[in-house]
Amino acid sequence: MYGITLREMAVLALLSEGLTAHAIGSRLRITEKSVVKHKENIYRRLRVHDRVTAINKARALGLVSPEPPAG
């Protein structure tokens, strides 16, 4: 969907958990530079310009899990 690759989906899921590029890179065993490139691709594909908008749009589209209920 939206041409997002499996690796980009993994990055998007971790972004939605609030992880930094460094933490995502460590988790996925890729460089921080690769994470940044994947984020750029995600933003372009979703036609957004920032992390919060990307996560909100991804949640609305069902690409990542909705936020857990607070409490």
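Me: At roughly what angle do the axes of H1 and H2 cross?
Reply: This is a predicted model. In it, the axes of H1 and H2 come within 10 Å. Their crossing angle is roughly 130°.

Me: Are H1 and H2 parallel, antiparallel, perpendicular or oblique to each other?
Reply: The axes cross at roughly 130°. Roughly perpendicular covers 65 to 115 degrees, and roughly antiparallel begins over 145. The two helices are therefore oblique.

Me: Is the crossing of H1 and H2 left-handed or right-handed?
Reply: Handedness adds to the angle of roughly 130°. For H1 and H2, the crossing is right-handed.

Me: Which residues in H2 are met by H1?
Reply: H1 brings Arg7, Ala10, Val11, Leu14 and Leu15 to this contact. By class, the contact has 6 nonpolar, no polar and 2 charged residues. The partners in H2 are Ile24, Arg27 and Leu28.

Me: Which helices do the buried residues of H1 pack against?
Reply: The buried residues in H1 are Glu8, Val11, Leu12, Leu14, Leu15 and Ser16. They pack against H2, H3 and H4.

Me: How many residues has the largest nonpolar core?
Reply: Val11, Leu12, Ile24, Ile42, Leu46 and Leu63 have the most contacts inside this core. H1 (6-16), H2 (21-28), H3 (32-46) and H4 (51-60) each supply at least two of its residues. The core's residue count is 19.

Me: Which residue just after H1 takes a positive phi?
Reply: H1 spans 6-16. Just after this helix, a phi of about 90° appears. The residue is Gly18.

Terms used
Residues numbered from 1 in each chain as written. Predicted model: local features only at pLDDT ≥ 70, side-chain atom pairs only at ≥ 80, totals over all residues. Heavy atoms only, no water. Core = buried A, V, L, I, M, F, W, Y, C linked by side-chain atoms within 4.5 Å. Buried < 20%, exposed > 50% of the residue type's maximum accessible area, 1.4 Å probe, protein only. Helix = DSSP H or I, 4+ residues; strand = E, 2+ residues; numbered from the N terminus. Contact = heavy atoms within 4.5 Å. Axes fitted to C-alpha atoms, helices over the stretch in contact; angles between N-to-C directions. Parallel < 35°, antiparallel > 145°, perpendicular 65-115°, else oblique. Left-handed = near helix turned anticlockwise from the far one by under 90°. Nonpolar A, V, L, I, M, F, W, Y, C, P; charged D, E, K, R; others polar.
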